[in-house]
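User: Could you take a close look at one part of this model for me? I would like to understand how its neighbouring helices are laid out and what they touch.

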Amino acid sequence: MAQKLSSKAMKKLDTLTEAKRKWDRVHSLVEMAATQKTGQDMYLSQMKRAAEDVGRVFMNGGYGPLAGSANELALLVKRGGSLQHKLRGMRELVGTVFAALERAEKAVMDEEKSGAEG
């Protein structure tokens, strides 16, 4: 039987779900820019805005380190250097944040489970 979640846990999971949905958008923009032969620059400003938006969601939800990673990606977009170098860094950050999102969701569920038992 599925356990009922407290309102605090529901709010955390809602925040993580919203952030994950928005981070999927960032991921798709990074991959679209990586696969295009020309015109990758049009994706950069969209990536920056989307990453900053996710950073705000993380910060408002109390996930400061994840917000830092999202804002790091937004800064990487503006930084100079070759596009291929930027894309490599962006892909690393995307993977890191996805893994951290999974850990955060698991932590909320484990916290809720231990709170229900105690």
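Analyst: Happy to help, and let's begin with a yardstick: the expected span of a helix is 1.5 Å times one less than its number of residues. For α3, with its 15 residues, that rule gives 21 Å, and because the end C-alpha atoms are 21 Å apart, the two agree. Please keep in mind that this is a predicted model.

The same check works for helix α1, which covers residues 7-35. Its 29 residues reach 42 Å from the first C-alpha to the last, close to the 42 Å expected.

Now to the way the helices pack. The axes of α1 and α2 are 9 Å apart, at an angle of about 165 degrees. Angles over 145 degrees count as roughly antiparallel, so that is the description for α1 and α2. The crossing of α1 past α2 is left-handed. On the α1 side, the contact includes Thr15, Ala19, Trp23, Val26 and Leu29, while α2 brings residues including Tyr43, Met47, Ala51, Val54 and Phe58. Sorted by class, this contact has 14 nonpolar, two polar and four charged residues.

Moving along the chain, helix α2 (residues 41-60) also packs with helix α3 (residues 64-78), at an angle of about 165 degrees and with their axes 8 Å apart. α2 and α3 are therefore roughly antiparallel to each other as well, and α2 passes α3 in a left-handed crossing. Among the residues that meet here are Leu44, Met47, Ala51, Val54 and Phe58 in α2, and Leu66, Ala67, Ala70, Leu73, Ala74 and Val77 in α3. The residues of this contact of α2 with α3 divide into 12 nonpolar, three polar and three charged.

Which residues of these helices are buried? In α3 they are Leu66, Ala67, Ser69, Ala70, Leu73, Ala74, Leu76 and Val77. In α1 the buried set includes Leu13, Leu16, Ala19, Lys22, Trp23, Val26 and Leu29. Ala9 belongs to that set too, and it deserves a word of its own.

Alanine 9 lies in helix α1. It counts as buried because its relative accessibility is 4%, and the cut-off for buried is under 20%. Leaving aside residues up to four places away in sequence, alanine 9 touches Val108 and Glu112. Its C-alpha is also 7.7 Å from that of methionine 109, although alanine 9 and methionine 109 are 100 residues apart in sequence.

Key:
Residues are numbered from 1 along each chain as its sequence is written. This is a predicted model: local features need pLDDT of at least 70, side-chain atom pairs count only at pLDDT 80 or more; totals for chains, interfaces and linings use all residues. Side-chain values use heavy atoms; hydrogens and water are left out. Helices (H or I, at least four residues) and strands (E, at least two) are DSSP runs, numbered from the N terminus. Buried means under 20% relative accessible area, exposed over 50%, partly exposed in between (1.4 Å probe, protein chains only). Contact means heavy atoms within 4.5 Å. Axes are lines fitted to C-alpha atoms, for helices over the stretch in contact, and angles run from 0 to 180 degrees between N-to-C directions. Angles under 35 degrees count as roughly parallel, over 145 as roughly antiparallel, 65 to 115 as roughly perpendicular and the rest as oblique. A crossing is left-handed if the near helix is turned anticlockwise from the far one by less than a right angle, and right-handed if clockwise. Ala, Val, Leu, Ile, Met, Phe, Trp, Tyr, Cys and Pro count as nonpolar, Asp, Glu, Lys and Arg as charged, and the others, Gly among them, as polar.
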